[in-house]
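Opening a fresh notebook page for this one. I'll jot down what I look up as I go, one topic per entry.

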Amino acid sequence: MGASLTVIGAGLAGCEAALQAANLGVRVDVYDLKPQTMTPAHSNPNYAELVCSNSLRGAGRESAVGLLKDELRRLGSYLMDVADRTAVPAGGALAVDRELFAAEVTAALRRHSRITCHSQRICSLDEIGGPRIVATGPLTGEELYADLQQRLGQGSLYYFDAVAPLVAADSLDMDELYFASRYGKGGGKDYLNAYLSREEYYDFVRMLTEGERVIRRDFEPGEIFEGCVPIEEIARRGPESLRYGPLKPTGLRDPRTGRRPFACVQLRRDDRQAETYNLVGFQTNLTFTAQREIFGKIPGLRRAKFIRYGVMHRNTYIDSARILNAALQWKDNPEIFFAGQIAGLEGYVEAIAGGLLAGVNAAAMISGERMMTPSPRSILGGLVRAITTPVTDPQPVQSNWGLQIPFRTARQDPRRDLSRTESAEEITPWREMLQSRRRRVLLATH
Ligand SMILES: Cc1cc2nc3c(=O)[nH]c(=O)nc-3n(C[C@H](O)[C@H](O)[C@H](O)COP(=O)(O)OP(=O)(O)OC[C@H]3O[C@@H](n4cnc5c(N)ncnc54)[C@H](O)[C@@H]3O)c2cc1C
């Protein structure tokens, strides 16, 4: 097969798309800013960087994102395979060693005989012709975003998102921290917990609400993504809100009292060697000085060395309902596909899902084969339906059971076996189609 595809952006979506298309016999050119330059949130020279948390959220099929992972594995997702192989203990979640994960994905692209990687900032879609996948993510370079805006003919669509800090394990005071997972799930050493007394908790809430912020104004409703609200903004919503959010004490016992703690700060391992820990739910817009001062008041963190401070960023996405069809293809320019966060698929696993779909469909378009469009009875199809259905206030979408509500009677609970059975029924024919195409390519190349 002679035709080639260009993938712009080698993040989670772009890498999955490139590997999918290449293994379906298409030559792929991948363009990324890295390693020459980086967006404000990226720092690893490798591709497929997890910019904030190292968690891909729920591992089990009782959560919608867990079922999406299952669908992706069955469809032959390369990044899910790497995630499984680089997993670190994280209770009921799938978390990965971010360095290993990015290194393995990058190596897979670089050693693939049909993939060529280029370090280049793309400023306009005109720079490259032919079939393209735009997967430049939430921090798409300004020039390309302006170019897209002009072509797509819409006003800027963006909201703010925030990143949680990382601390060095050897700077933590282990006499004040306790290993435990909520409800004893997973391994006993998956999380470190700092238990706060009533006084410590309310003091902490007060400091958070008074702490100096980088973006000083109050945010408008809808300006911040609800799944990633900065910790100080949650504290501003009321003194109890953190105790029912990221500092909830449920499923834990303070060994000093044998009772449930008043509040708890959790630290999750960020790498296999347990050298760095992520402050769970501590995405923030506080200045670095305020983070050192305020987070340093948490028991066990008084001498904490910050490997990375929390930061807040612009987050861009297109109005997919107006622009894309169910194959993630631009309706007005079928040579161009969009994948990942820029298409409105919010979250690491959702970005991988978009990459898989766009990669498979771009390859299908090039080879004149049928495109993959799973029905919304699967989580993958439900996500695509959600972003391509017109609404007055388009927002990025994450996996959730509500995606399947239109296909349920009021008495059916989508969390039960029904969803899993239907997801399997929906995904199996596509899986067989892809397996047979990949086999054909393998036979033709050997
Ligand atoms: C600050 C922040 C924190 C987030 N935290 C989380 C989290 O904790 N958990 C979660 O599930 N999701 C999180 N997200 C949302 C989302 O899941 C991630 O951003 C995810 O990485 C999106 O994948 P992607 O492939 O669409 O984009 P990315 O992974 O960002 O990849 C885009 C790639 O395109 C490249 N690029 C950009 N512009 C150009 C250009 N002009 N030319 C060439 N290359 C370009 C970039 O260098 C990058 O490598 C976060 C998003 C942001 C912005």
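**Entry 1: odd backbone spots**

I started with A48, which is buried at 1% relative accessibility. Keep in mind that this is a predicted model. I found A48 in the loop between β2 and β3. Its phi is positive, about 50°, although A48 is not a glycine.

I noted L328 as well: phi is near 65°, again a positive value in a residue other than glycine. L328 sits in the loop between α9 (320–323) and β16 (336–338). With a relative accessibility of 0%, L328 counts as buried.

Then I checked peptide bonds and wrote down a cis one between K34 and P35, with omega at about -5°. P35 belongs to the loop between β2 and β3 (55–58), and I had already placed A48 in the loop between β2 and β3.

**Entry 2: the ligand site**

Which residues are closest to the ligand? I get A13, D32, I122, Q341 and Y348, out of 34 residues that surround it. By type, the shell splits into 15 nonpolar residues, 14 polar ones and five charged ones.

Next I went through polar pairs with ligand oxygen atoms. For D32, a polar side-chain atom lies 2.7 Å from a ligand oxygen. For Q341, the partner on the protein side is a polar backbone atom, 2.8 Å from an oxygen atom of the ligand. G347 also uses a polar backbone atom, and there the distance to a ligand oxygen is 3.2 Å.

How much of the ligand's accessible area does the protein cover? On its own the ligand has 980 Å², and the protein covers 96% of that. I also asked which elements give two or more residues to the shell, and the list reads α1 (12–23), β2 (27–32) and α10 (348–367).

**Entry 3: salt bridges**

My search of the whole structure turned up 22 salt bridges. I looked at three of the pairs by hand.

R98 and D270 pair up, with their closest N and O atoms 2.6 Å apart. R98 is in helix α4 (residues 98–111) and D270 is in the loop between β12 (263–269) and β13 (276–279), so this pair ties together parts that lie 172 residues apart in sequence. Are R98 and D270 buried or exposed? Both are buried.

E176 and R302 make another salt bridge, the closest N and O atoms being 3.0 Å apart. This pair also links distant parts of the chain, 126 residues apart: E176 is in the loop between β9 (166–168) and β10 (178–179), and R302 is in the loop between α8 (288–295) and β14 (306–308). I logged E176 as partly exposed, at 24% relative accessibility.

R61 bridges to D70, and the closest N and O atoms are 3.4 Å apart. R61 is partly exposed at 38% relative accessibility, whereas D70 is buried with a relative accessible area of 16%. Following this one further, I found R61, D70 and R74 linked in a network of salt bridges.

**Entry 4: cysteines**

How many disulfides are there? The count comes to zero. I still looked up C52, and the nearest cysteine sulfur, that of C228, is 5.7 Å away. That pair is not a disulfide, because the sulfur atoms would have to be within 2.5 Å. From the other side I get the matching entry: C228 is in no disulfide, and its nearest cysteine sulfur is that of C52. C52 counts as buried at 12% relative accessibility, and C228 counts as buried at 14%.

**Entry 5: around α5**

Last stop was helix α5 (residues 142–152), where I find Q150. Is Q150 buried or exposed? It is exposed, with a relative accessible area of 67%. I also took a C-alpha distance from Q150 to G9: the two are 141 residues apart along the chain and separated by 20 Å.

T140 lies in the loop between β7 (132–134) and α5. T140 is buried, with 1% relative accessibility. What does the T140 side chain reach? I see it at 2.6 Å from the backbone oxygen of G137.

Terms used. Residues are numbered from 1 along each chain as its sequence is written. This is a predicted model: local features need pLDDT of at least 70, side-chain atom pairs count only at pLDDT 80 or more; totals for chains, interfaces and linings use all residues. Side-chain values use heavy atoms; hydrogens and water are left out. A residue is near a molecule or strand if one of its heavy atoms lies within 4 Å of it. A polar contact is a pair of N or O atoms within 3.5 Å; within protein, one must be able to donate a hydrogen and the other to accept it, and residues adjacent in sequence count only if both atoms are side-chain atoms. Accessible areas come from the Shrake-Rupley method with a 1.4 Å probe; for residues, only the protein chains shown count as cover. Helices (H or I, at least four residues) and strands (E, at least two) are DSSP runs, numbered from the N terminus. Ala, Val, Leu, Ile, Met, Phe, Trp, Tyr, Cys and Pro count as nonpolar, Asp, Glu, Lys and Arg as charged, and the others, Gly among them, as polar. A salt bridge is a side-chain nitrogen of Lys or Arg within 4 Å of a carboxyl oxygen of Asp or Glu. Buried means under 20% relative accessible area, exposed over 50%, partly exposed in between (1.4 Å probe, protein chains only).
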